[in-house]
Amino acid sequence: MWDNLFEGLSFFPEAASTIAGEIDAVFLFSVAVTVVCTVLIFGMIVFLAVKFRRRDENFVPKPIHGSTPLEIFWSIIPFIITQILFGWGAYLFFKYSSPPADAMDVHVVGKQWMWKVQHPEGKREINQLHVPLGQPVRLIMTSEDVVHSFYIPAFRVKRDAVPGRYNTLWFEANKTGEFHLFCAEYCGTEHSRMIGSVVVLPPREYDEWLRTDDGVETPAEAGERLFSRLRCDSCHAAEGVGRAPSLRNVFGSTVTLKDGSRATIDETFIRESILNPTHAVAGGYDAVMPTFQGQVTEEQILELIAYIRSLGADR
Ligand code: CUA
């Protein structure tokens, strides 16, 4: 609905995702509130300064002792306005914090100074992200070194890629074309060149684009290979008879740990368990797993997660 209004205005980015209109609406509302208040305040300053100016040397004004109705009026109005902004912002924040169940997972790893992307079918790209039109896409993001921030102005989405954890971001593109991709967090000398583009293709063209790299390993397949190369399968036996729990159908489920606490098996939990295995040991097992810190890259950890996920998931 805002598309036409801002056409040709280069200071306002193009809107190309399903959430863009709603984000723009709340942004424009807050700008409108700011403009109205600014005009009102400065207008009143000028008007009152003129109206109540000192008219002669000996003029002493009548003392004023305040007005309760006036004070209530200018307390209630701003309260209502800020609550509208808060409620509206919170509503949008929650709405866009949870990706739809049919979202397609794309892995993103930031490093000085590039964005590395891998699609669920295995295709990789650097500083580019191809996505199909009208399909919710969930980015699972981390960083190899420092904090970066993945920012697509045309989609009105931005989220940090933080070393040591996974952040997710989702969007659904509703316009084909090529859009800017920025790193929005100062991350060193070449931060300003850590840029790229997001290419939105109609679904059929996206499938064709994917097929240009046919036969490439999917993250789950690469993860499976890694799983046996690192000998993970010698303990995490599929039948659950090993020295460690079977990883079948565990993704998304809740486990009881040795110390009695409970944890949900998600991306971050698996990552922690690979790098720091003693932090959470499943109940009934011994803390015998060695750390794989330094032996696996961030991308390989993502592949292992994709493999564990492919073994069946609770969600
Ligand atoms: Cu990466 Cu700035």
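**Exercise 1. Work out which side chains hold on to His-130, and place the residue in the fold.**

Solution. Start with Trp-209: its side chain makes a polar contact with the side chain of His-130, at 3.4 Å. Keep in mind as you go that this is a predicted model. Next comes Glu-125, whose side chain makes a polar contact with that of His-130 at 2.8 Å. Now find the residue in the fold: His-130 sits in strand β4, residues 128-132. Then check its burial: with 8% relative accessibility, His-130 counts as buried. Finally, widen the view to contacts beyond four places in sequence: His-130 meets His-119, Glu-125, Val-199, Leu-201, Tyr-206 and Trp-209.

**Exercise 2. Do the same for His-148, and find its opposite number in the neighbouring strand.**

Solution. This histidine belongs to strand β6. Its relative accessibility is 0%, so His-148 is buried. For a polar partner, look at Asp-145: the two side chains make a polar contact at 2.9 Å. Setting aside residues up to four places away in sequence, the list of residues that His-148 touches includes Trp-115, Ser-143, Arg-159, Cys-183, Cys-187 and Met-194. Across in β7, the residue that stands opposite His-148 is Ala-161.

**Exercise 3. Trace the strand pairing from β6 outwards to β10.**

Solution. Take the hairpin to begin with. β6 (residues 148-152) and β7 (residues 157-161) pair in the antiparallel sense over five bridges. Four residues lie between these strands, and in this hairpin Arg-156 takes a positive phi near 60 degrees.

Now turn to β9. β6 pairs with β9 too, antiparallel and over two bridges. Tyr-151 has Phe-182 in β9 as its bridge partner.

One more step takes you to β10 (residues 196-201), which pairs with β9 in the antiparallel sense over five bridges. There, Gly-196 of β10 stands opposite Leu-181.

**Exercise 4. Count the aromatic pairs, then explain what two of them tie together.**

Solution. The structure holds nine aromatic pairs. One of them is Tyr-96 with Trp-170, a tilted pair with 5.8 Å centre to centre and 40 degrees between the planes. Tyr-96 lies in the loop between α2 (68-95) and β1, while Trp-170 lies in strand β8 (residues 167-172), so the pair ties together parts that are 74 residues apart in sequence. How about burial? Tyr-96 is buried at 14% relative accessible area, and Trp-170 is buried at 10%.

Move on to Tyr-151 and Phe-182. Their rings form a tilted pair as well, 6.3 Å centre to centre with 40 degrees between the planes. Tyr-151 is in β6 and Phe-182 in β9 (residues 177-183), so this pair ties together parts that are 31 residues apart in sequence. Here the accessibility values are 27% for Tyr-151, which counts as partly exposed, and 30% for Phe-182, also partly exposed. Remember from the previous exercise that Tyr-151 and Phe-182 are bridge partners too.

To finish, look for a cluster: ring pairs link Phe-155, Phe-171 and Phe-179 into one.

**Exercise 5. Decide whether the buried residues of α4 are scattered around the helix or line one face, and say what covers them.**

Solution. First list them. In α4, which spans residues 219-229, the buried residues are Pro-219, Ala-222, Gly-223, Leu-226 and Phe-227. Now look down the axis: these buried residues fall within an arc of 145 degrees, so they line one face of the helix. What covers them includes β1 (104-111), β2 (114-118) and α6 (298-310). Last, check what comes after the helix: Arg-231 follows α4 and has a positive phi, near 65 degrees.

**Exercise 6. Give the disulfide count, and compare the burial classes of Cys-37 and Cys-232.**

Solution. Recall the chemistry: a disulfide is a covalent bond that joins the sulfur atoms of two cysteines. The count for this structure is zero. As for burial, the cut-off to apply is that buried means under 20% relative accessible area. Cys-232 has 13% relative accessibility, so Cys-232 is buried. Cys-37 has a relative accessible area of 33% and is partly exposed.

Methods. Residues numbered from 1 in each chain as written. Predicted model: local features only at pLDDT ≥ 70, side-chain atom pairs only at ≥ 80, totals over all residues. Heavy atoms only, no water. Disulfide = S-S within 2.5 Å. Buried < 20%, exposed > 50% of the residue type's maximum accessible area, 1.4 Å probe, protein only. Arc of directions from axis to C-beta. Contact = heavy atoms within 4.5 Å. Pairing = 2+ DSSP bridges. Polar contact = N/O pair within 3.5 Å; in protein donor to acceptor, adjacent residues only side chain to side chain. Phe/Tyr/Trp six-rings, centres within 6.5 Å; stacked < 30°, edge-to-face > 60°.
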